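Reader: Before we discuss this protein, please show me the sequence and the structure. I will then ask on what grounds each description rests.

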Amino acid sequence: MESVNLKKRSKFMKYHFIINPCAGGGKAWTAWHQVQTALAAKPGIQFDHATSQYAGHPRELAIQAVQRGDCDCLVVVGGDGTLHEVITGLIATQQEEPLPVGYIPAGTGNDFARGYRIATEPRQALDQILTNQHPHWINIGHYHDFSRECEGIFLNNFGIGFDAAIVHATNHSRAKAFLNRHHLGTFAYIYKAVRVFFAQPAFRVVVDNDGHQRTFNHAFLLVASNHPYIGGGVRIAADQRIDRRELELVVVEKRHWLTLLWAMLMFASGHLVDSRFAHLFRGTQLRYAVTPAQYGQIDGDEPGKHPFDLALDCCSYPLWQTPLW
Ligand SMILES: Nc1ncnc2c1ncn2[C@@H]1O[C@H](COP(=O)(O)OP(=O)(O)OP(=O)(O)O)[C@@H](O)[C@H]1O
């Protein structure tokens, strides 16, 4: 994918907003109203919008925007799941000159905004888009799962085991909608994390590290990251950068519940990578397999519970948004 002609777009751009009104328990809808007010105060900015009506619709709206060809930048108002869907749709269209994306974060976790340094205040995030002058190419994780013969991307992370079981438990919790509505989504994660900690069994991971196999028979947490943050701001890959063509894989083992508890406390405090409990692998390509069946999470979405046989590599996509620093 080339960045040809993207520079000339900085003036007279037309923005197409895609809003997921349900993201963040309705936070995105409030954010969109703030964005609309801010746009109304800036005459001359051309924009239109579409509201997603169901899960999967953001992807379809992104593809339709490319097919119409009547905008210069797609702006997502929603959570990381909505952004993931939109970029998946855009990559699927295989545009010669990719339509750049801006993001107004309004989900529960907003890890992508932390990783790319986007303000969580909608008007400030909008300014980062409107004042931007050139495309910023970000790294994106691409996976092929040979166990199910499917592929896809991740902007944040692809987790298997502990974090994915928390995502599963939280997503299927009856309290989630209530807690989100009252901006208490983080408590739902913590509550489920404690329960999963005791319930989650160890599993087997075989990592192919440049032709040398490393086997972990008691893996508990396995996360491939594209930037440092997971689970609403926990630092799991401290040195990872979203503008660097690289992925980081961390494996944590369950040897004894006390050492695991210590590792999980290091994880929660953002110091896991400094601990002796974490095994790190870095590269533009990663290859590993997991047995038996485990929960997975891809940017917070659930591919289901099954064995994984994964090959990861990197691709890139342009954002039209200046990072905060
Ligand atoms: N109108 C809609 N009704 C229900 N779901 C929708 C609608 N529009 C989009 N979705 C789906 O909602 C899902 C979750 O969105 P998203 O991840 O952005 O919000 P969130 O879960 O609140 O935020 P976070 O991922 O930060 O926790 C996406 O898969 C998206 O397809």
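Reader: What is the hand of the crossing in which α2 passes α3?

Author: This is a predicted model, and in the model α2 passes α3 in a right-handed crossing.

Reader: Why are α2 and α3 called oblique to each other?

Author: The axes of α2 (residues 57-68) and α3 (residues 80-92) cross at roughly 40°. Angles under 35 degrees count as roughly parallel, and 65 to 115 as roughly perpendicular. The angle of roughly 40° falls in neither range, and α2 and α3 are therefore oblique to each other. Their axes come within 7 Å.

Reader: Which residues of α2 and α3 make the contact?

Author: On α2 the contact is made by Pro58, Arg59, Glu60, Ala62, Ile63 and Val66. On α3 it is made by Thr82, Glu85, Val86, Thr88, Gly89, Leu90 and Ala92. By class, the contact of α2 with α3 has 7 nonpolar, 3 polar and 3 charged residues.

Reader: What makes α1 oblique to α5?

Author: Helix α1 (residues 27-40) packs on helix α5 (residues 122-130) at an angle of about 55°, and the axes are 9 Å apart. Roughly parallel needs an angle under 35 degrees, and roughly perpendicular needs 65 to 115. An angle of about 55° meets neither condition, which makes α1 oblique to α5. The crossing in which α1 passes α5 is right-handed.

Reader: Which residues of α1 and α5 meet?

Author: Ala31, Gln34, Val35 and Ala38 of α1 meet Pro122, Arg123 and Leu126 of α5. By class, the contact of α1 with α5 has 5 nonpolar, 1 polar and 1 charged residue.

Reader: How many residues surround the ligand, and which are the closest?

Author: The ligand is surrounded by 23 residues, and the closest are Gly79, Gly81, Thr82, Gly107 and Thr108. The elements giving two or more residues to this shell are α2 and α3. The largest share, 4 residues, comes from α3.

Reader: What is the make-up of the shell around the ligand by class?

Author: The shell around the ligand has 6 nonpolar, 15 polar and 2 charged residues. Gly is counted among the polar residues, so Gly79, Gly81 and Gly107 of the shell count as polar.

Reader: Into which domains is the protein divided?

Author: The division is into domain 1 (7-134) and domain 2 (141-317), and the C-alpha centres of the two lie 27 Å apart. In the contact, 18 residues of domain 1 meet 20 residues of domain 2.

Reader: Which helix gives the most to the side of domain 1 that touches domain 2?

Author: That helix is α3, with 7 residues. Both α3 and α4 (111-116) supply at least two residues of this side. By class, the side of domain 1 that touches domain 2 has 6 nonpolar, 9 polar and 3 charged residues.

Reader: What is the omega of the peptide bond from Thr291 to Pro292?

Author: Omega is near -15°, and the bond is cis. Pro292 lies in strand β14 (residues 286-298). Most peptide bonds are trans.

Reader: What is the phi of Gln94, and is the value positive or negative?

Author: Phi of Gln94 is near 50°, a positive value in a residue other than glycine. Gln94 lies in the loop between α3 and β4 (101-105). Most residues other than glycine have a negative phi.

Note on methods:
Residues numbered from 1 in each chain as written. Predicted model: local features only at pLDDT ≥ 70, side-chain atom pairs only at ≥ 80, totals over all residues. Axes fitted to C-alpha atoms, helices over the stretch in contact; angles between N-to-C directions. Parallel < 35°, antiparallel > 145°, perpendicular 65-115°, else oblique. Left-handed = near helix turned anticlockwise from the far one by under 90°. Contact = placed C-beta atoms within 7 Å. Near = placed C-beta within 6 Å. Domains from an automatic or database assignment.
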